[in-house]
Amino acid sequence: MTLAQEGARAAAAFREEHRLGEQPLGDLVALIEQATGCDVAVLDAGPDEHGLTMRDPVRGVAFIGVARTRNPMRQRSTLAHELAHVVFGDWTEGESLGERSSEEIRADAFARHLLVPGKGLRLFLGRRVGLTEADLSAVVQRFLVSPAIAAIALCDSGYIDAVTKQEWMRFSTPWLATRFGWTDQYQSLQNDADRTRAPQRLLTRAIAGFSEGVATVQAVATLRGISAEAVADELAEAGVAPKEYEPSWMAASELPQVVVDLSDLDGEEIEGADE
């Protein structure tokens with residue numbers, strides 16, 4: 001079995017295990033967190049840093065981080081790629097995986113097949129022949145993948161030949177969105193991908209701490225990457241407020257009587273006392 005086949009088989013198994021069917025996937029951050037229990041964050045990162053996966057060997061907990069970007073399709077493919085490392089357990093002891101290592105090639109294949117399953121593509125296009133650039137645009141828009149990934153999937157499924165695949169892989173998503181009238185949707189996707197996002201479990205714990213009066217609005221705001229005022233408004237709107245604890249007061253006469261037994265001191269010499 002080739003690495004591409006191994007990735008494709010794992011992607012199909014992941015969809016089946018989590019009952020995802022053959023339809024396009026929505027919010028990948030939420031999906032990965034719910035399906036795997038991993039913490040996922042969208043972070044500020046350098047222009048050449050797209051994503052990483054780390055694992056705490058003591059607790060067995062994995063963390064996925066992806067870069068905030070104006071390229072939402074790349075962010076989605078990065079998320080799917082990093083998910084592959086979790087699925088395959090591609091853990092190293094302090095060594096980075098090379099750009100073209102077998103793990104990276106397998107993860108790329110997993111990402112392509114997870115985002116654009118062959119059965120889902122055939123359900124969408126049917127037995128259509130003579131595909132045009134409009135069809136490529138429709139596939140990109142439906143499955144929210146780059147034109148390159150869409151072209152590879154179309155070629156693998158027999159809809160286009162290798163020459164057309166190479167030609168269509170050069171297109172950009174903004175160009176397709178502009179030409180075929182879904183620029184507004186693309187800009188909305190850009191805005192979603194271009195903001196930081198804290199792991200949901202961490203944010204849940206912070207809000208619970210705020211409710212218990214042990215965390216501040218600023219702590220929640222820092223995780224969200226927005227102003228404390230905006231978070232305060234959100235929490236108030238949701239009816240989340242710190243609990244107020246009333247201390248128990250009582251009169252001195254209500255205090256329990258304390259009995260001091262000094263009998264053990266009887267007959268003992270007190271060190272330092274005069275004889």
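The following questions and answers introduce a predicted model, beginning with its domains and moving on to one strand and a cavity.

Me: How far apart are the centres of domain 1 and domain 2?
Reply: The chain is divided into domain 1, which covers residues 3-194, and domain 2, which covers residues 200-238. Taken over C-alpha atoms, the separation of the two domain centres is 31 Å.

Me: Which strand runs antiparallel to β3?
Reply: Strand β1, residues 39-43, is joined to β3 by five bridges and runs parallel to it, with Ala41 having Gly65 as its bridge partner. On the antiparallel side of the question there are six bridges to β3, and Arg55 stands opposite Ala62. The strand that makes these six bridges, residues 51-56, is β2.

Me: Which residue takes a positive phi in the hairpin of β2 and β3?
Reply: The hairpin of β2 and β3 has four residues between the strands. The positive phi lies near 70°, and the residue that takes it is Gly60.

Me: Is β3 mostly covered or mostly exposed, and how many of its seven residues are buried?
Reply: Counting a residue as buried when its relative accessible area is under 20%, β3 turns out to be mostly covered. Of its seven residues, the number buried is five.

Me: Which element supplies the largest share of the lining of the largest cavity?
Reply: The largest cavity, with a volume of about 40 Å³, is lined by residues including His50, Val66 and Arg74. Both β3 (61-67) and α3 (72-88) supply at least two residues of this lining. The largest share, three residues, comes from α3.

Definitions and conventions. Residues are numbered from 1 along each chain as its sequence is written. This is a predicted model: local features need pLDDT of at least 70, side-chain atom pairs count only at pLDDT 80 or more; totals for chains, interfaces and linings use all residues. Side-chain values use heavy atoms; hydrogens and water are left out. Domain bounds come from an automatic or database domain assignment. On a 1 Å grid over the protein atoms alone, a cavity is a set of points where a 1.4 Å probe fits but cannot get out, and a pocket is an open set with protein on both sides within 12 Å along at least five of seven lines; lining residues have an atom within 4 Å of a point. Grid points are joined across faces, edges and corners, and a volume is the space filled by probe spheres set on the points. Buried means under 20% relative accessible area, exposed over 50%, partly exposed in between (1.4 Å probe, protein chains only). Two strands pair if DSSP finds at least two bridges between them.
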